[in-house]
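Biologist: Hi! Could you walk me through the ligand site and a helix packing in this one?

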Amino acid sequence: MTDKKIIAVIGATGAQGGGVARAILNDPESEFAVRAITRNPESEKAKELAALGAEVVAADMDDYESVKKAFDGAYGAFCITNYWEHFSPEREQVQAMNLARAAKDDGLKHVIWSTLEDTRRWVPLDDDRMPTLMGKYKVPHLDAKGEMDQVFTDLGVPTTFLLTSFYYENFIYFGLQPKVGPDGKLAITLPMGDKPLPSIAVNDIGKAAYRIFKGGDEFIGKTVAVAGDHLTGSDFANGFTKALGREVVYNAITPEDFRGLGFPGADDLGNMFQFKADFNEYYAGIRNLDESRKLNPELLSFKDWLAQNIDRIPVE
Ligand SMILES: NC(=O)c1ccc[n+]([C@@H]2O[C@H](COP(=O)([O-])OP(=O)(O)OC[C@H]3O[C@@H](n4cnc5c(N)ncnc54)[C@H](OP(=O)(O)O)[C@@H]3O)[C@@H](O)[C@H]2O)c1
């Protein structure tokens with residue numbers, strides 16, 4: 001039994017939660033201990049976390065009772081839902097509700113809810129600049145999360161609302177890496193026009209979250225937004241060109257063409273990029289780089305991240 005304050009980390013075997021868990025576990029002086037929540041404590045990633053000193057506890061966000069048990073005795077929790085596992089905004093909201101209720105019922109002192117904007121505040125459903133999806137969303141994987149902010153507030157959960165950004169790692173894992181186009185040139189394809197896309201190394205989200213837990217009351221009830229860089233498609237392409245030593249161009253397609261790319265979720269992501277471009281002043285404005293660096297002085301620019309990760313980019 002630890003005398004440190006326990007942070008229960010949802011998604012600890014994944015990208016964001018993994019970053020939070022490692023940020024805490026890598027600090028031997030930390031006032032916090034990590035309780036890594038997973039559906040599968042026997043997975044390699046869960047075992048790695050245990051080896052780093054985490055307590056690994058089984059729970060499933062679909063099951064309120066299991067989350068309530070897993071949060072029992074904790075000081076705080078990092079809460080995240082994974083839309084891309086099931087593509088269901090309704091299921092994501094049930095999961096978020098289970099997290100919020102369990103946090104409330106276990107009396108947690110500080111929760112970080114990894115959320116995103118409910119874009120319908122900017123683009124009402126009757127605004128036809130982008131299609132309405134699934135009957136009641138503009139960007140399902142954003143809207144579903146943003147709508148749940150109110151639930152954490154209404155239940156009286158002491159929450160920090162963490163607005164994250166596009167991971168640099170999407171160029172490794174999300175199929176967005178430079179690819180050879182019909183003209184034989186390597187290109188990255190984004191529907192952002194000439195607007196900057198706030199983005200971040202996923203581990204830097206974890207480091208910011210750790211700082212927010214350390215700050216406690218300073219951040220409860222607040223919205224905190226983080227990004228490591230604000231880059232246009234051309235900036236990303238230039239970064240790849242330098243790092244790969246091979247020309248990469250920016251293929252700036254329209255959001256409409258992106259929605260039509262045909263992979264699962266392309267319409268959702270096309271709308272997402274359109275929201276980020278059309279409301280760029282708000283979207284990039286709130287994801288302030290100086291504020292993000294204050295939270296996490298180790299914040300990586302895309303250039304620095306790329307220098308460390310160039311061998312992981314699956315250039316096609
Ligand atoms: N890609 C981006 O640029 C980006 C940017 C901002 C926000 N996001 C958001 O990030 C979210 C995904 O987070 P991520 O990137 O960290 O995902 P990830 O790396 O795919 O990991 C997903 C994590 O969620 C856990 N999980 C999933 N379903 C669960 C359940 N029912 N009960 C308990 N744990 C569950 C998994 O744990 P186990 O499998 O071990 O149980 C795993 O640790 C998405 O909702 C997405 O919208 C993504």
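Modeller: Happy to; we'll start with the ligand and then turn to two helices. This is a predicted model, where local features need pLDDT of at least 70, side-chain atom pairs count only at pLDDT 80 or more, and totals for chains, interfaces and linings use all residues. Residues are numbered from 1 along each chain as its sequence is written, and side-chain values use heavy atoms, leaving out hydrogens and water.

Biologist: Which residues come nearest to the ligand?

Modeller: Thr13, Thr38, Thr81, Tyr167 and Asn170, out of 28 around the ligand (a heavy atom within 4 Å).

Biologist: What do Tyr167 and Asn170 do with the ligand's oxygen atoms?

Modeller: A polar side-chain atom of Tyr167 sits 2.8 Å from a ligand oxygen, and a side-chain N or O atom of Asn170 is 2.7 Å from a ligand oxygen. Polar contacts here are pairs of N or O atoms within 3.5 Å.

Biologist: And how much of the ligand does the protein bury?

Modeller: 84% of the 930 Å² that the ligand exposes when taken alone (Shrake-Rupley, 1.4 Å probe).

Biologist: Switching topic: how do α5 and α10 cross?

Modeller: Their axes, lines fitted to C-alpha atoms over the stretch in contact, come within 8 Å and cross at roughly 70°. The two helices (DSSP H or I runs of at least four residues) are therefore roughly perpendicular, a label for angles of 65 to 115 degrees.

Biologist: Which residues meet there?

Modeller: Pro140, His141 and Leu142 of α5 meet Asp268, Leu269, Met272 and Phe275 of α10, with contact being heavy atoms within 4.5 Å.

Technical notes
Polar contact = N/O pair within 3.5 Å; in protein donor to acceptor, adjacent residues only side chain to side chain. Axes fitted to C-alpha atoms, helices over the stretch in contact; angles between N-to-C directions. Parallel < 35°, antiparallel > 145°, perpendicular 65-115°, else oblique.
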